[in-house]
There are 2 protein chains.
Amino acid sequence: MLSTNQIIEAMSSQGLRITDQRKTLARLFAETEGYLSPKDVYEYMGRTYSGLSFDTVYRNLRVMQELGVLEQVIFEDGVKFKASCSSGHHHHHLICLQCQKTLPIEFCPMQLTDTPDQFQVVEHKFEIFGYCKDCQSSGKVSPKTDQNQASSKGQ
Amino acid sequence: MLSTNQIIEAMSSQGLRITDQRKTLARLFAETEGYLSPKDVYEYMGRTYSGLSFDTVYRNLRVMQELGVLEQVIFEDGVKFKASCSSGHHHHHLICLQCQKTLPIEFCPMQLTDTPDQFQVVEHKFEIFGYCKDCQSSGKVSPKTDQNQASSKGQ
DNA sequence: TTGGATGCAAACCATTTGCAGATCT
DNA sequence: AGATCTGCAAATGGTTTGCATCCAA
């Protein structure tokens with residue numbers, strides 16, 4: 001995960017202006033393990049910046065995503081963001097359905113996957129959903145019935 | 001893939017009424033290999049049913065998805081639907097970035113994936129994006145530059 | 001006959017845009 | 001100073017809802 005300073009650094013090096021809001025945004029993402037929706041961000045930021053408007057949040061999320069400091073993922077219940085993984089190399093994620101924290105896994109199944117050679121592979125997605133240690137022990141989880149967000153019948 | 005009649009059968013057996021529109025809808029999905037957006041469906045259906053309204057399309061798509069005859073997938077550019085795979089068993093898909101046709105693959109990497117045992121796996125997603133034989137030969141494809149829909153940096 | 005299906009209009013929500021004024025560099 | 005940011009308001013696009021009417025069973 002990128003640190004607050006790495007995020008700010010990246011933004012400033014691209015000619016973006018470092019406003020107070022953007023500093024706070026950088027800190028928020030650097031310190032959050034899970035995914036945040038635009039609304040999450042708006043609510044968090046709103047506590048500090050009273051006149052805050054939603055469009056500024058959207059603008060900044062987009063800018064940061066285009067810049068590569070944020071990763072955008074589309075869940076069933078909408079778009080969410082988190083700080084980019086800084087580990088340079090390719091990896092996948094376990095994603096907690098409860099708290100949405102992610103755990104990296106190094107294993108990539110692509111080398112083992114036989115694809116018809118008429119098909120030209122461009123990219124792939126491999127994500128595992130479930131419940132992390134903390135959420136299991138907190139007892140909030142009813143795995144069998146939970147047809148939760150972020151899921152999709154393992155296609 | 002389900003056939004027109006299988007779709008109609010399933011709907012009727014659930015007490016849904018088989019209207020003309022729903023027959024056409026069943027046929028459309030049975031005969032379409034790729035994914036269709038609500039707009040695609042609306043436009044197609046609109047040719048036959050002049051007074052067609054968008055909300056009916058949405059309602060039917062939702063009903064059919066809840067019934068299990070359609071599969072819903074969320075792409076970067078929105079929700080899309082296709083007829084459910086009838087092959088009872090678990091499998092994954094290659095998805096063409098150009099025409100969105102899907103090819104099933106039997107290989108599932110989950111058995112080979114080591115997950116921390118504190119993590120309780122619920123489900124997974126494994127999808128491969130690229131260009132199918134037809135789209136490659138039709139020369140419409142510029143793979144290197146295409147930061148296409150339906151994609152997501154293989155995390 | 002009658003409850004589900006449809007079309008219409010309007011509501012709703014998330015996201016984007018134009019613009020004027022404020023802020024960073 | 002000058003370009004970028006921000007807030008506001010309004011537009012947009014996708015999706016849902018309420019209601020009266022219509023139609024399949």
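**Exercise 1. Work out how helices α1(A) and α2(A) cross in this predicted model: what is the handedness, and at what angle do the axes meet?**

Solution. Start with the handedness: α1(A) and α2(A) make a right-handed crossing. Next, take the geometry. Helix α1 of chain A covers residues 4-13 and helix α2 of chain A covers residues 20-31; their axes come within 8 Å and cross at roughly 135 degrees. Angles over 145 degrees would count as roughly antiparallel, and 65 to 115 as roughly perpendicular. The crossing angle therefore makes α1(A) oblique to α2(A).

Now look at the side of each helix that touches the other. From α1(A) come Thr4(A), Ile7(A), Ile8(A) and Met11(A), which meet Arg22(A), Lys23(A), Ala26(A), Arg27(A), Phe29(A) and Ala30(A) of α2(A). Sorted by character, the residues of this contact are six nonpolar, one polar and three charged.

**Exercise 2. Find which residues join α3(A) to α4(A), and sort them by character.**

Solution. First place the two helices: α3 of chain A spans residues 38-48, α4 of chain A spans residues 54-67, and they pack at an angle of about 120 degrees with axes 10 Å apart. Such an angle makes α3(A) oblique to α4(A). The crossing is right-handed.

Then list the partners. α3(A) contributes Pro38(A), Lys39(A), Val41(A) and Tyr42(A), while α4(A) contributes Phe54(A), Val57(A), Tyr58(A) and Leu61(A). The tally for this contact is seven nonpolar, no polar and one charged.

**Exercise 3. Move to chain B and describe the packing of α2(B) against α3(B).**

Solution. In chain B, helix α2 (residues 20-31) and helix α3 (residues 38-48) pack at about 125 degrees, and their axes lie 11 Å apart. That makes α2(B) oblique to α3(B). Their crossing is right-handed.

On the α2(B) side you will find Gln21(B), Thr24(B), Leu25(B), Leu28(B) and Phe29(B); on the α3(B) side, Val41(B), Tyr44(B) and Met45(B). These residues divide into six nonpolar, two polar and no charged.

**Exercise 4. Describe the interface of chain A with chain B: how many residues are in contact, how much area is buried, and how many salt bridges are there?**

Solution. Begin by counting residues: 46 of chain A are in contact with 45 of chain B. Turn next to area. An interface's size is often given as the accessible area lost when the parts come together. Here the buried area is about 4,200 Å², and carbon and sulfur atoms give 60% of it. Finally, check for salt bridges: the count between chain A and chain B is zero.

Note on methods
Residues are numbered from 1 along each chain as its sequence is written. Chains are lettered from A and ligands numbered from 1 in the order in which they are written. This is a predicted model: local features need pLDDT of at least 70, side-chain atom pairs count only at pLDDT 80 or more; totals for chains, interfaces and linings use all residues. Side-chain values use heavy atoms; hydrogens and water are left out. Axes are lines fitted to C-alpha atoms, for helices over the stretch in contact, and angles run from 0 to 180 degrees between N-to-C directions. Helices (H or I, at least four residues) and strands (E, at least two) are DSSP runs, numbered from the N terminus. Angles under 35 degrees count as roughly parallel, over 145 as roughly antiparallel, 65 to 115 as roughly perpendicular and the rest as oblique. A crossing is left-handed if the near helix is turned anticlockwise from the far one by less than a right angle, and right-handed if clockwise. Contact means heavy atoms within 4.5 Å. Ala, Val, Leu, Ile, Met, Phe, Trp, Tyr, Cys and Pro count as nonpolar, Asp, Glu, Lys and Arg as charged, and the others, Gly among them, as polar. Buried area is the accessible area (1.4 Å probe) that two parts lose on being put together, summed over both. A salt bridge is a side-chain nitrogen of Lys or Arg within 4 Å of a carboxyl oxygen of Asp or Glu.
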